Number of protein chains: 2
Amino acid sequence: MTLYQDYPKFLLAVDCIIFGFNGEHLEVLLVKRGFEPEINKWSLMGGFVRENERPEQAADRVLQQLTGLNDVYMELCGAFGEPNRDYAGRVVSICYFALIDSKKTQEIVSEKYEAQWFPISEFPELIFDHNKMVSKARRSLRMKAALYPILFELLPEKFTIPQIIALYEGVYDTALDKRNFIRKLSTSGLLNKTSEKDKSGSKKGAFYYTLNTEVYKEKIMTFLQYLPSWNMD
Amino acid sequence: MTLYQDYPKFLLAVDCIIFGFNGEHLEVLLVKRGFEPEINKWSLMGGFVRENERPEQAADRVLQQLTGLNDVYMELCGAFGEPNRDYAGRVVSICYFALIDSKKTQEIVSEKYEAQWFPISEFPELIFDHNKMVSKARRSLRMKAALYPILFELLPEKFTIPQIIALYEGVYDTALDKRNFIRKLSTSGLLNKTSEKDKSGSKKGAFYYTLNTEVYKEKIMTFLQYLPSWNMD
DNA sequence: ACAAAAGTGTTTGAACTACACCCATGC
DNA sequence: GCATGGGTGTAGTTCAAACACTTTTGT
């Protein structure tokens with residue numbers, strides 16, 4: 001079963017950068033490490049790949065363990081293999097970022113793991129190279145979200161326009177012009193307006209929208225034909 | 001030296017999707033496999049990660065072995081770990097795409113390896129899941145090149161505008177409007193016009209340009225601030 | 001002189017920017 | 001009735017798309 005006797009073997013980890021949106025802020029889900037080394041320090045959720053698993057499956061499993069969620073949007077965003085990155089062994093880590101509505105996890109998180117959502121702009125120092133992983137994931141997320149409307153993966157079934165704006169502002173760490181952004185959204189065909197209002201954030205209340213999943217899938221699946229837009233500042 | 005005794009270990013490979021541009025067409029560099037299994041079939045250039053190497057280093061090394069080139073633009077574009085993807089053992093492969101001027105490799109390629117450039121639109125069936133890897137790499141390349149002018153990595157020091165156009169047309173598999181594209185290029189600040197002409201392609205001859213590396217680096221380094229452009233067809 | 005590719009300019013419509021006011025409601 | 005955030009409209013500008021002809025030079 002192997003012609004490759006002479007080559008070294010590695011422990012293979014997956015680490016998940018779990019981005020969430022709680023209706024107001026972009027956040028990242030971290031766990032307090034329950035084992036040595038670096039026990040009790042903040043870390044990304046991760047785990048080792050099993051013998052009969054693909055790395056993506058391992059990432060799904062690990063995410064499911066922590067959050068209880070399946071079918072989560074997840075994407076490769078890095079491979080970290082510095083020989084001494086983990087003090088306890090030679091481990092290569094494959095990183096994925098995941099996008100979830102953080103509200104969906106509120107009961108489940110913190111049962112087995114000490115997990116906590118942190119604002120993306122202010123989270124603690126992490127073990128090993130996990131801070132680098134988060135940076136890389138943020139860059140990947142910005143890039144992908146610039147071309148595909150994947151940030152809707154972070155929103156609940158029903159969401160308001162002020163929420164989408166807050167979400168994009170969080171991801172790109174910038175202020176947007178509401179009016180222009182709303183126009184862009186409404187001409188995109190991605191939104192279905194409902195008659196319900198969310199009154200929690202204001203007296204007037206903001207209409208709930210749902211995602212037009214046909215349009216969404218189409219835009220997500222589109223294989224880029226051509227659009228260099230690198231004439232920007 | 002290890003608290004992680006109970007976890008399985010894996011052979012770790014890197015595979016390089018080597019994109020090249022020969023002045024006319026986009027192409028991909030393939031090798032005829034020199035060892036079992038699947039000896040003598042076409043394959044991506046790859047190799048196993050060594051004990052004291054980062055995966056990126058392994059990719060650099062493998063690319064250097066084949067082409068003699070260092071400091072090549074390279075980017076992660078996949079992790080393939082299907083348990084039976086390699087018939088001869090449990091191997092997880094980390095994929096990188098590389099961008100090089102294929103002219104730089106013409107003497108070196110085919111010394112040790114039977115390597116050959118193939119047009120991207122017409123290359124042979126590859127071993128294992130390597131065809132999938134190429135598809136993934138093409139998608140990654142399109143995505144990155146839509147936001148950053150990385151395709152200049154494929155061009156020689158001096159290049160002509162018709163070459164850039166052919167390059168973009170090859171990457172996006174589409175026809176471009178010359179005039180509009182030239183305008184975009186000239187307003188980008190990326191080009192320095194020289195007084196030399198390339199007369200090989202036509203009687204009139206096309207002016208050579210060089211890359212304005214300051215502008216280029218700036219555009220490459222820019223951390224996306226904000227530009228959802230997903231209102232496209 | 002003619003073939004073959006390089007290179008140039010204008011017009012039109014669409015999209016983005018910038019900007020200010022009214023709306024609905026709870027208190 | 002007023003404070004609070006939600007939502008709408010318009011004018012100016014920039015940018016992308018569509019489009020055809022002139023230039024250079026080798027043969």
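Select Phe10(A) first, then look across at Phe10(B), which stands opposite in β1(B). Keep in mind that this is a predicted model. Now show the two strands around that point. β1(A) and β1 of chain B, residues 9-21, run antiparallel and are joined by 3 bridges.

**The A–B contact**

Widen the selection to the whole contact between the chains. Chain A gives 73 residues, and chain B gives 73 residues. How much area do chain A and chain B bury between them? The figure is about 6,600 Å². Carbon and sulfur atoms account for 67% of it.

Turn on polar contacts next. There are 9 residue pairs in polar contact between chain A and chain B, counting pairs with both residues at pLDDT 80 or more. Salt bridges between the two chains number 2. One of them is easy to pick out by name: select Arg54(A) and Glu82(B). Their closest N and O atoms are 3.7 Å apart.

Which elements of chain A give two or more residues to the side that touches chain B? Colour β1 (9-21), β5 (73-80) and β6 (91-101) among the strands. Then add the helices α1 (55-67), α2 (130-147), α3 (161-172) and α4. The largest share of this side comes from α2(A), with 7 residues. Recolour the side by residue class: 43 residues are nonpolar, 12 are polar and 18 are charged.

**DNA strand C**

Move to the DNA. Select DNA strand C and the 19 residues around it. From chain A, Arg179(A), Asn180(A) and Lys203(A) are among those that come nearest. From chain B, Pro162(B) and Arg179(B) belong to that nearest group. Of the strand C atoms within 4 Å of the protein, 45% are sugar and phosphate.

Zoom in on the bases. Start with Arg179(A): a polar atom of its side chain lies 2.8 Å from a base nitrogen of DNA strand C. Step to Arg183(A), where a side-chain N or O atom is 3.4 Å from a base nitrogen of the strand. Cross over to Arg183(B). Here a side-chain N or O atom sits 3.2 Å from a base oxygen of DNA strand C.

Now show the elements behind these residues. Those giving two or more residues to the surface near DNA strand C are α4 (178-188) of chain A, and α4 (178-188) and β10 (206-211) of chain B. By class, this surface has 11 charged residues, 4 polar and 4 nonpolar.

**DNA strand D**

Switch to DNA strand D, which has 18 residues around it. Among those that come nearest are Arg179(A), Lys204(A) and Phe207(A). Arg179(B) and Asn180(B) complete the nearest group. Sugar or phosphate makes up 40% of the strand D atoms within 4 Å of the protein, and bases make up the rest.

Centre on Arg179(B). An N or O atom of its side chain is 3.0 Å from a base nitrogen of DNA strand D. Arg183(B) comes next: its side chain places an N or O atom 3.4 Å from a base nitrogen of the strand. Then select Lys199(B). What does its side chain approach at 3.5 Å? The partner is a phosphate oxygen of DNA strand D.

Bring up the elements again. α4 and β10 (206-211) of chain A, with α4 of chain B, give two or more residues to the surface near DNA strand D. α4(A) gives the most, with 4 residues. The residues of this surface are 10 charged, 4 polar and 4 nonpolar.

**Backbone stops**

Finish with the backbone. Most residues other than glycine have a negative phi, and most peptide bonds are trans. Here are some exceptions to select.

- Glu36(A) and Pro37(A): a cis peptide bond joins them, with omega about -5°. Pro37(A) is in the loop between β2 (26-32) and β3 (42-43) of chain A.
- Glu36(B) and Pro37(B): this pair is also joined by a cis peptide bond, omega about -5°. Look for Pro37(B) in the loop between β2 (26-32) and β3 (42-43) of chain B.
- Asn40(B): phi is positive, near 70°. The residue is in the loop between β2 and β3 of chain B.
- Phe128(B): phi is positive, about 50°. Find it in the loop between β7 (114-119) and α2 (130-147) of chain B.

Terms used:
Residues numbered from 1 in each chain as written. Chains lettered and ligands numbered in written order. Heavy atoms only, no water. Near = heavy atom within 4 Å. Polar contact = N/O pair within 3.5 Å; in protein donor to acceptor, adjacent residues only side chain to side chain. Nonpolar A, V, L, I, M, F, W, Y, C, P; charged D, E, K, R; others polar. Contact = heavy atoms within 4.5 Å. Buried area = accessible area lost by both parts, 1.4 Å probe. Salt bridge = Lys/Arg side-chain N within 4 Å of Asp/Glu carboxyl O. Pairing = 2+ DSSP bridges.
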